[in-house]
Amino acid sequence: MNGGPSGFHNAPVTKAFVITSALFTVFFGIQGRSSKLGLSYQDIFEKFRLWKLIMSTFAFSSTPELMFGLYLLYYFRVFERQIGSNKYSVFILFSGTVSLLLEVILLSLLKDTTANLLTSGPYGLIFASFIPFYLDIPVSTRFRVFGVNFSDKSFIYLAGVQLLLSSWKRSIFPGVCGIIAGSLYRLNVLGIRKAKFPEIVASFFSRISFPSFGNSPSPAPSRNIVGTITPNTARRAERSQPVPMASSVEPSEEAIATLVSMGFDRNAARQALVHARNDVNAATNILLEAQSH
């Protein structure tokens with residue numbers, strides 16, 4: 001289970017976030033300050049080191065945490081492909097902000113004078129992503145090892161557990177805050193799942209990370225739906241939504257793989273791409289529109 005086509009194809013926001021997190025971790029690691037980025041009661045309520053609220057959101061405090069964290073961030077790029085870069089940016093902002101707010105509230109309640117009570121890193125985003133991962137991503141492969149049942153999702157869960165327990169309670173608390181943030185997003189608190197950034201902001205990462213995306217600037221679908229779809233559903237989409245004339249060009253395997261990674265049926269994905277002239281965003285809209293009927 002690899003989250004779709006390799007690389008950051010159709011995931012410019014994820015690419016920017018992964019690069020930023022890696023650079024911040026390396027930068028503070030070279031300075032020997034990585035272990036000091038975690039949040040503590042003194043930092044926020046006594047010394048007012050508010051800059052740590054931002055820095056602790058990006059930089060991991062150790063190399064093992066960086067490795068597992070970047071692996072999970074890279075895998076979860078599937079959600080950006082699923083809901084589009086615009087809405088995924090909102091998801092990042094919401095999960096990070098809510099998780100950070102919960103961590104600050106936790107510090108105020110515990111009033112623990114221990115230095116760096118909470119470890120640093122984008123735990124909010126990572127563990128918020130486990131909510132749609134658990135609810136929306138289907139199991140495609142099951143197997144047994146020494147009599148124990150596993151699925152292709154098991155490796156992602158194991159990586160998450162490793163990251164969650166990497167610093168014991170220092171990492172468990174931020175992880176739990178992230179899970180709560182992801183649950184609130186899932187429950188559509190304040191209508192957050194319908195929120196969007198202005199188009200000029202949404203296209204920023206695409207321009208700096210993937211200039212070749214210029215031919216398809218329209219955002220990906222706004223609905224967080226993953227599931228299988230039959231060819232009959234695709235035919236209903238043709239009647240329910242006007243689409244461009246069918247192209248004689250056979251859809252690329254990469255485009256088909258992108259849609260399949262979102263959970264769509266391969267034949268339905270191919271038909272949608274034919275009618276959308278091999279435009280992945282338009283094809284996804286066709287499939288999701290059909291699924292809503």
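This is a short talk about salt bridges, a serine in a loop, a partly covered helix and some annotated spans in one structure.

Hi everyone, and thanks for coming. Before we start, please keep in mind that this is a predicted model.

Let's begin with charges. Side chains of opposite charge can pair when their charged atoms come close. How many salt bridges does a search of the whole structure find? The search comes back with three, and we can visit each of them.

Take Asp43 to start with. Its side chain meets that of Arg49 in a salt bridge, at 3.3 Å from N to O. The side chain of Asp43 also meets the side chain of Lys52 in a salt bridge, this time at 2.8 Å, N to O. Is Asp43 buried or exposed? Asp43 counts as buried because its relative accessible area is 4%, and the cut-off for buried is under 20%. Lys52 is buried too. Arg49 is partly exposed, with a relative accessible area of 34%.

Now for the remaining pair, Asp136 and Arg186. Their side chains meet in a salt bridge at 2.7 Å, N to O. Asp136 sits in helix H8 and Arg186 in helix H10, so this pair ties together parts that are 50 residues apart in sequence. And to return to the other pairs for a moment, Asp43, Arg49 and Lys52 are joined into one network by salt bridges that share partners.

Let's stay with Asp136 a little longer. Helix H8, where you find Asp136, covers residues 130-136. Asp136 has a relative accessible area of 9%, so this residue is buried. Arg186 is partly exposed, at 26%. There is also a nice reminder here that sequence and space are two separate things to look at: Asp136 and Met262 are 126 residues apart in sequence, and their C-alpha atoms are 9.4 Å apart in space.

Next, a serine. Where is Ser61? Look in the loop between helix H3, residues 51-58, and helix H4, residues 63-75. Ser61 is buried, with a relative accessible area of 15%. Its side chain makes a polar contact of 3.0 Å with the side chain of Glu65. Another polar contact, also given as 3.0 Å, joins the side chains of Ser61 and Thr119. If you leave aside neighbours within four places in sequence, Ser61 is in contact with Ser34, Ser35, Thr119 and Ser120.

Now please turn to helix H9, residues 154-164. Which of its residues are buried? They are Ser154, Ile156, Ala159, Gly160 and Leu163. Here is a general point to have in mind as you look at any helix: an α-helix has 3.6 residues a turn, so residues three or four places apart point the same way. What covers the buried residues of H9? The cover includes helices H4, H7, H8 and H10, along with strand E2.

Last, a word on annotation. An unreviewed UniProt entry places the feature "transmembrane region" at residues 12-30, 50-76, 88-110 and 117-135. We can check two of those spans against the model. Residues 12-30 are 100% helix and 0% strand, with the end C-alpha atoms 27 Å apart. Residues 88-110 are likewise 100% helix and 0% strand, and their end C-alpha atoms lie 32 Å apart.

That's my tour. Thanks for listening, and I'm happy to take questions!

Methods: Residues numbered from 1 in each chain as written. Predicted model: local features only at pLDDT ≥ 70, side-chain atom pairs only at ≥ 80, totals over all residues. Heavy atoms only, no water. Helix = DSSP H or I, 4+ residues; strand = E, 2+ residues; numbered from the N terminus. Buried < 20%, exposed > 50% of the residue type's maximum accessible area, 1.4 Å probe, protein only. Polar contact = N/O pair within 3.5 Å; in protein donor to acceptor, adjacent residues only side chain to side chain. Contact = heavy atoms within 4.5 Å. UniProt positions renumbered as here; feature names shortened; annotations may be inferred. Salt bridge = Lys/Arg side-chain N within 4 Å of Asp/Glu carboxyl O.
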